[in-house]
Amino acid sequence: MTDNARNSGAKPKGGKNAGNETLLALYDSLEDLYSILETLDELGIRTREELIAYIDTLDNELTELESLGDS
């Protein structure tokens, strides 16, 4: 479908484009959320507590690596 066909309604172009941008932003957000879910599945994380434990582990490892770099 061409831009002309999409914008050929009675509404002004600005309002239509703002609606399109909102829809695109929502689609992007949904894609991001699905990607996060896939990553959590790959990591085997099923609960909030498991996610917090994983984040804490990464934080501790980062702290250890930073301390090694300071030596």
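Biologist: What makes up the secondary structure of the protein chain, in helices and strands?

Modeller: In this predicted model, the protein chain has three helices and zero strands. Read from the N terminus, the order is α-α-α.

Biologist: Happy to have that. Why is Leu24 called exposed?

Modeller: Leu24 has a relative accessibility of 54%, and exposed means over 50%, so Leu24 counts as exposed. You will find Leu24 in helix H2, which covers residues 13-43.

Biologist: And what kind of surface patch does Leu24 belong to?

Modeller: A nonpolar one, whose members include Leu23, Leu24, Tyr27 and Ile36. Together the residues of this patch offer about 960 Å² of accessible area.

Biologist: How do you know that Asp41 and Arg46 form a salt bridge?

Modeller: The closest N and O atoms of Asp41 and Arg46 are 2.8 Å apart. A salt bridge asks for a distance within 4 Å, so the pair qualifies. The structure holds one salt bridge.

Biologist: Good to know! Why do the two partners get different labels, Asp41 partly exposed and Arg46 exposed?

Modeller: Asp41 has 45% relative accessibility, so Asp41 counts as partly exposed. Arg46 reaches 60%, so Arg46 counts as exposed. The line between the two labels is drawn at 50%.

Biologist: Now the charges. What makes the patch with Asp56 negative?

Modeller: Its members are Asp56, Asp59, Glu66 and Asp70. Asp and Glu count as negative, so the patch does too.

Biologist: Where is Asp56, and why is Asp56 called partly exposed?

Modeller: Asp56 sits in helix H3, residues 48-70. Its relative accessibility is 41%; partly exposed lies between 20% and 50%, so the label fits Asp56.

Biologist: One last thing: what share of the protein chain counts as buried?

Modeller: Of its 71 residues, 3% do, buried meaning under 20% relative accessible area. The accessible surface of the protein chain is about 6400 Å², and carbon and sulfur atoms supply 56% of that surface.

Conventions:
Residues are numbered from 1 along each chain as its sequence is written. This is a predicted model: local features need pLDDT of at least 70, side-chain atom pairs count only at pLDDT 80 or more; totals for chains, interfaces and linings use all residues. Side-chain values use heavy atoms; hydrogens and water are left out. Patches are made of residues with over 30% relative accessible area and no salt bridge: like charges are joined within 9 Å, nonpolar side chains (Val, Leu, Ile, Met, Phe, Trp, Tyr) within 5 Å. Accessible areas come from the Shrake-Rupley method with a 1.4 Å probe; for residues, only the protein chains shown count as cover. A salt bridge is a side-chain nitrogen of Lys or Arg within 4 Å of a carboxyl oxygen of Asp or Glu. Helices (H or I, at least four residues) and strands (E, at least two) are DSSP runs, numbered from the N terminus. Buried means under 20% relative accessible area, exposed over 50%, partly exposed in between (1.4 Å probe, protein chains only). The place of a charge is taken as NZ of Lys, CZ of Arg, CG of Asp or CD of Glu.
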